[in-house]
Amino acid sequence: TGKALEADVHNAVPTEKVDGTCCYVTTYKGQPYLWARLDRKPTKQGEKRFKRFLYSLEDCKEFVWNVEEDFKPVPDTWIPAKDIEFSNGNPLPDENGHMPGWVPVEKNSKQYCWHSSVVNYEAGIALVLKHHADPGLLEISPVPLSEILEQTLELIGTNINANPYGLGSKKHPIHLLVPHGAFEIKNPPALKQNDILSWFESCTEGKVEGIVWHCNDGCLIKLHRHHLGLPWPLAETYLNSQPVVISFNRTKSDYDFEPKSLFHHFSMLDGQRFDRLKDIKFDA
């Protein structure tokens, strides 16, 4: 696309597109907090009006939203995403008629219970999956929320998007945060359709949901397997078949985790290594 070429996609950093739900870390109540993605969507009437406009080809004027009336209410704590445009102090919807935004994840939230399982606000930490210092090895460790402030991450796990990575079980669900751009693709395909297709179909590293190119100007260019008519999820993925080590350094963390919490379960596995990410199991 012109947008990709303008952003110099040929010199961008290709990374694995991880299949989860988008999160954001920013300040709330004076401390770093995890925020869940919540798009503000139009009411039925607003959507009807928008669709009528889209299908009426003779009307070439721009569609005008009435933000107060055309959109469903959101919690008072809702904030719009950073790249959203404003008019007269009101956030404007994107080309799909949605307003991307965020709501803070409160401790013990029922609606966002899986989000809340990967953060511990008392200790100020989050449960993060990233590369270990040793090549070819992943690591799960607690990371101070202050270190990932103003970053977006993907929440993956047992109860997210039908669990494409096969993590945990119904009895012992496992959820983790993955910083966006964390998994750089080392041997990316050339930017030609056939090369990308064969990379997805025949390369181990290509067993991913998609590619996100991080351009030098901050622009993100995304390609999903579905864009090429390829299936997802896969029985085996590149991410869930990599070895992983649990690094909790319990001596550094003098915090008593609640016995049923993910942090407690992972701290009991400190130092353990698993041949594949999806092999992690907690003792009953």
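Which helix is Met-268 found in? Met-268 is found in helix H6. Helices (H or I, at least four residues) and strands (E, at least two) are DSSP runs, numbered from the N terminus.

This is a predicted model, in which local features need pLDDT of at least 70 and side-chain atom pairs count only at pLDDT 80 or more, while totals for chains, interfaces and linings use all residues. Residues are numbered from 1 along each chain as its sequence is written, and side-chain values use heavy atoms, with hydrogens and water left out.

**Exercise 1. Find out how the chain is divided into domains.**

Step 1. Domain 1 covers 1-18 + 183-242, domain 2 covers 20-28 + 105-180 + 244-266, and domain 3 covers 40-99. These bounds come from an automatic or database domain assignment.

Step 2. Now take the C-alpha centres of domain 1 and domain 3: they lie 31 Å apart.

**Exercise 2. Place Met-268 and Tyr-255, and state how far each lies from a residue distant in sequence.**

Step 1. Go back to Met-268, which is partly exposed, with a relative accessible area of 47%. Here buried means under 20% relative accessible area, exposed over 50%, and partly exposed in between (1.4 Å probe, protein chains only).

Step 2. Met-268 and Tyr-33 are 235 residues apart along the chain, and their C-alpha atoms are separated by 25 Å.

Step 3. Next comes Tyr-255, in the loop between E15 and helix H6 (262-268). Tyr-255 counts as partly exposed, at 32% relative accessibility.

Step 4. From Tyr-255 to Gly-30 the distance is 21 Å, C-alpha to C-alpha, with their positions 225 residues apart in sequence.

**Exercise 3. Work through three of the salt bridges and say which parts of the chain they link.**

Step 1. Start with the rule: a salt bridge is a side-chain nitrogen of Lys or Arg within 4 Å of a carboxyl oxygen of Asp or Glu. A search of the whole structure finds eleven of them.

Step 2. Lys-29 pairs with Glu-106, and their closest N and O atoms are 3.3 Å apart. Lys-29 sits in the loop between strand E2 (21-28) and E3, while Glu-106 sits in the loop between E7 and H4, so this pair ties together parts that are 77 residues apart in sequence. Lys-29 is exposed at 57% relative accessibility, whereas Glu-106 is partly exposed at 28%.

Step 3. Glu-150 pairs with Lys-82, with 3.0 Å between the closest N and O atoms. Glu-150 is in the loop between strand E10 (138-144) and E11, and Lys-82 is in the loop between strand E4 (79-80) and strand E5 (86-87), so the pair links distant parts of the chain, 68 residues apart. Glu-150 is partly exposed, at 38% relative accessible area, and Lys-82 is exposed, at 66%.

Step 4. Glu-236 pairs with Arg-276, the closest N and O atoms being 3.9 Å apart. Because Glu-236 lies in the loop between E14 and E15 and Arg-276 in the segment after strand E16 (273-274), the pair ties together parts that are 40 residues apart in sequence. Both are partly exposed: Glu-236 at 32% relative accessibility and Arg-276 at 30%.

Step 5. Follow the links onward: Glu-236, Arg-276, Lys-278 and Asp-279 are joined in a network of salt bridges.

**Exercise 4. Spot the unusual backbone angles at Asn-108, Asn-161 and Pro-233.**

Step 1. Recall the background: most residues other than glycine have a negative phi, and most peptide bonds are trans.

Step 2. Asn-108 has a positive phi, near 60 degrees. Its place is in the loop between strand E7 (101-104) and helix H4 (113-116), and Asn-108 is exposed, with a relative accessible area of 61%.

Step 3. Asn-161 also has a positive phi, near 50 degrees. Asn-161 belongs to the loop between strand E11 (152-157) and strand E12 (175-179), and counts as partly exposed at 43% relative accessibility.

Step 4. Trp-232 and Pro-233 are joined by a cis peptide bond, with omega about 5 degrees. Look for Pro-233 in the loop between strand E14 (220-224) and strand E15 (244-246).
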